[in-house]
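Biologist: I'd like to go through this one slowly and ask how each label is earned. Can you show it to me?

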Amino acid sequence: GFTALNLTKLDVLTGLKEIKIGVAYKYKGEYLKSMPACLKSLSEAEVEYETMPGWTEDISNCKKFEDLPENAQKYVLRVQELLDVP
């Protein structure tokens, strides 16, 4: 598994009311273990999303995790949890 995560472009999510995270792929009624590598399968797959609240606060001057708005912190922690990154 992953041991670290470099999450970039968090600032482009600022202003969105909700943020959707793709958490699973389903193809022909079956859950897949990962994203389909075949473009045809990918085009026919359903993506299951988890929706989280967004944030409106400017994060451009945030230097530490604790400086981020609460919802941005929750988003980062959820991505970390989904990817099983310590």
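Modeller: Let's start with a cut-off: a residue is exposed when its relative accessible area is over 50%, buried when it is under 20%, and partly exposed in between. Keep in mind that this is a predicted model.

Biologist: Okay, so why is Lys40 called exposed?

Modeller: Its relative accessible area is 52%, and exposed means over 50%. Therefore Lys40 counts as exposed.

Biologist: And Glu44, what makes that partly exposed?

Modeller: Glu44 has 39%, which falls between the 20% and 50% cut-offs. So partly exposed is the right label for Glu44.

Biologist: How do you know that Lys40 and Glu44 form a salt bridge?

Modeller: Their closest N and O atoms are 2.4 Å apart, and the rule asks for a Lys or Arg side-chain nitrogen within 4 Å of an Asp or Glu carboxyl oxygen. So the pair qualifies as a salt bridge. Lys40 and Glu44 sit four residues apart in helix α1 (residues 39-44), so about one helical turn separates them.

Biologist: Why can side chains of opposite charge pair at all?

Modeller: They can do so when their charged atoms come close.

Biologist: How many salt bridges does the rule give?

Modeller: Four. Another one joins Arg78 and Glu50, with 2.6 Å between the closest N and O atoms. That pair links distant parts of the chain, since Arg78 is in helix α2 while Glu50 is in strand β3 (residues 46-53), 28 residues away. Glu50 is partly exposed, at 23%.

Biologist: What makes Glu50, Arg78 and Glu81 one network?

Modeller: Arg78 also has a salt bridge with Glu81, at 3.1 Å from N to O. Arg78 and Glu81 are three residues apart in helix α2, so about one helical turn lies between them. The salt bridges share partners, and that joins Glu50, Arg78 and Glu81 into one network. Glu81 is exposed, by the way: its 54% is over the 50% mark.

Biologist: Now Ser41 in helix α1: why is that one called buried?

Modeller: Its relative accessibility is 16%, and buried means under 20%. So Ser41 counts as buried. Leaving out neighbours within four places in sequence, Ser41 is in contact with Tyr27 and Pro36.

Biologist: Which residues make up the largest nonpolar core?

Modeller: There are twelve, including Leu10, Ile21, Trp55, Tyr75 and Val76. Two elements, β1 (18-27) and α2 (70-82), give two or more residues each. The most come from α2, with four. As for Val76, its contacts beyond four places in sequence are Leu7, Leu10 and Phe65.

Biologist: What makes Leu83 fit for a nonpolar surface patch?

Modeller: A patch residue needs over 30% relative accessible area, and Leu83 has 34%, which makes it partly exposed. So Leu83 passes that test. Leu83 lies in the segment after α2. The patch, about 470 Å², also takes in Phe2, Leu5, Leu7, Val23 and Leu82.

Biologist: Last one: how do you know that β1 and β2 pair?

Modeller: Two bridges join them, and pairing needs at least two. So β1 and β2 count as paired, and they run antiparallel. One bridge puts Lys26 opposite its partner Tyr31 in β2.

Biologist: And why do β2 and β3 stand at the edges?

Modeller: The sheet is open, with three strands in the order β2-β1-β3. Each of β2 (30-31) and β3 has a single partner strand, so one side of each is left without a neighbour in the sheet.

Methods. Residues numbered from 1 in each chain as written. Predicted model: local features only at pLDDT ≥ 70, side-chain atom pairs only at ≥ 80, totals over all residues. Heavy atoms only, no water. Core = buried A, V, L, I, M, F, W, Y, C linked by side-chain atoms within 4.5 Å. Buried < 20%, exposed > 50% of the residue type's maximum accessible area, 1.4 Å probe, protein only. Contact = heavy atoms within 4.5 Å. Patch = residues over 30% accessible without salt bridge, like charges linked within 9 Å, V, L, I, M, F, W, Y side chains within 5 Å. Areas by Shrake-Rupley, 256 points an atom, 1.4 Å probe, with all protein chains shown as cover.
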